[in-house]
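Q: Mind going through this one with me? Just answer as I poke around.

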Amino acid sequence: MNYPTPHIKAKPEDFGQTVLMPGDPLRSKYIADHFLENPVLVNNVRGVQGYTGTYKGVKVSVMASGMGMPSIGIYSHELYNAYGVQNIMRIGSAGAIQPDINLKDIVMAMGACMDSNWDAQFHLLGKFSPICSFDMLRAAVESAEELGAPYHVGNILSSDYFYGDDDGVPEALSPKKVWQKMGIMAIEMESAALYLNAARYKKNALCICTVSDQLVRNEFLSADERQTGFEQMMKVALETAVKLEK
Ligand code: HPA
């Protein structure tokens, strides 16, 4: 695939081999301003800000994914295929559906189930199991241990629906309940598409999320708490990027 692409106006050397992807473009700018040394704006198509700088001497990029699987599907496709990026780490937020997972905990998605038809494009006569990169997961777990950050590793659900129509649906059949019974830790909206793209293009991906909503206990982080929870995840992500470079 040639560059520039429809959604990223940059050159391959503008990106590090690891790109951190928050959902929100403003968060990408915040990360660049607060965590990277000498950040340079490398993309701004549609206001999707991408920055590259260094962290502990390692070249690291951060660019927003937007919300949902079609959006992260586009950006990860172009980064992997036109810009030579090897590792994409989604750093997002998620709603926990297990009672023992607390607000601000980090969930690391070893696997990502989905309620989406996004995988139909691959013409598989079966159901694919989207999984993360083992090397990235191992590095992220080590980083969380070193930083003392509370984390959980397991399966998550990537959903197409933030506002699902549950009108008339019995509680026992609600998405929260049925996926909870299958051991799903949390719900977010992007990882399965990212993992599928990584598999298809022989690249590496991992999603780590801060729990911003505890959907079983109806607890939600305030704006300030979201920020502090997010900063710990950022450190885990950046330390992971450093370990991947070694
Ligand atoms: N659902 C989907 N995505 C999310 C949620 C949620 O409850 N919370 C944060 N991201």
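Q: Is Ser158 buried or exposed?
A: Buried: Ser158 has a relative accessible area of 0%. Buried here is under 20%, exposed is over 50% and partly exposed is in between, with a 1.4 Å probe and protein chains only.

Q: And what am I looking at, an experiment or a model?
A: It's a predicted model, so local features need pLDDT of at least 70 and side-chain atom pairs pLDDT 80 or more, while totals for chains, interfaces and linings use all residues. Numbering runs from 1 along each chain as its sequence is written, and side-chain values use heavy atoms, without hydrogens or water.

Q: Back to Ser158, then. Which element holds Ser158?
A: Ser158 sits in strand β7, residues 151–158. Helices (H or I, at least four residues) and strands (E, at least two) are DSSP runs, numbered from the N terminus.

Q: What does the side chain of Ser158 touch?
A: The side chain of Glu188, in a polar contact of 2.6 Å. That term means N or O atoms within 3.5 Å; within protein, one must be able to donate a hydrogen and the other to accept it, and sequence neighbours count only if both atoms are side-chain atoms.

Q: OK, the ligand. Which residues surround the ligand?
A: Glu188 again, along with Ser93, Ala94, Gly95, Phe162, Ile187, Met189, Ser212, Asp213 and Leu215. The cut-off is a heavy atom within 4 Å.

Q: Which side chain has an N or O atom 2.6 Å from a ligand nitrogen?
A: That's Asp213.

Q: What about backbone atoms at 3.4 Å?
A: There are two residues to point at. A backbone N or O atom of Ser93 is 3.4 Å from a ligand nitrogen, and a polar backbone atom of Gly95 also lies 3.4 Å from a nitrogen of the ligand.

Q: New topic: pockets. What volume does the largest one have?
A: About 1300 Å³. A pocket is an open set of points on a 1 Å grid over the protein atoms alone where a 1.4 Å probe fits, with protein on both sides within 12 Å along at least five of seven lines. Points join across faces, edges and corners, and the volume is what probe spheres on them fill.

Q: Which residues come closest to the centre of that pocket?
A: Tyr161, Phe162, Ile187, Met189 and Asp213, out of 40 lining residues. Lining means having an atom within 4 Å of a point. Phe162, Ile187, Met189 and Asp213 also turn up around the ligand.

Q: Which elements supply two or more lining residues there?
A: β5 (87–96), α4 (175–181), β8 (186–188), β9 (204–214) and α6 (223–245). β5 gives the most, with six residues.

Q: How does that lining divide by residue type?
A: Into 18 nonpolar, ten polar and twelve charged. Nonpolar covers Ala, Val, Leu, Ile, Met, Phe, Trp, Tyr, Cys and Pro, charged is Asp, Glu, Lys and Arg, and the rest, Gly among them, are polar.

Q: And how much space is in the second largest pocket?
A: About 220 Å³. Its lining has 13 residues, and Cys113, Lys127, Phe128, Ser129 and Pro130 are closest to the centre. Strand β6 (residues 106–114) provides the largest share, four residues, and the lining splits into six nonpolar, five polar and two charged.

Q: Switching to α2. Why call helix α2 largely enclosed?
A: Because ten of its 14 residues are buried. Among them are Met69, Ile72, Tyr75, Leu79 and Tyr80, plus Glu78.

Q: How far apart are the end C-alpha atoms of α2?
A: 19 Å, which agrees with the 20 Å expected for residues 69–82 at 1.5 Å a residue. The expected span is 1.5 Å times one less than the number of residues.

Q: What sits around Gly73 in that helix? Say, how far is Trp118 from Gly73?
A: Their C-alpha atoms are 9.1 Å apart, with the two positions 45 residues apart along the chain. Trp118 is in the loop between β6 and α3 (134–147), and it is buried at 16%.

Q: Last one: where's the odd backbone geometry? Which residues that aren't glycine have a positive phi of about 55°?
A: Lys202 does, and so does Asn218. Lys202 is in the loop between α5 (191–200) and β9 and is exposed at 73%. Asn218 belongs to the loop between β9 and β10 (219–220), exposed as well at 56%.

Q: And where is there a cis peptide bond?
A: Between Tyr3 and Pro4, with omega about -5°. Pro4 is in the segment before β1 (18–21). Most peptide bonds are trans, and most residues other than glycine have a negative phi.
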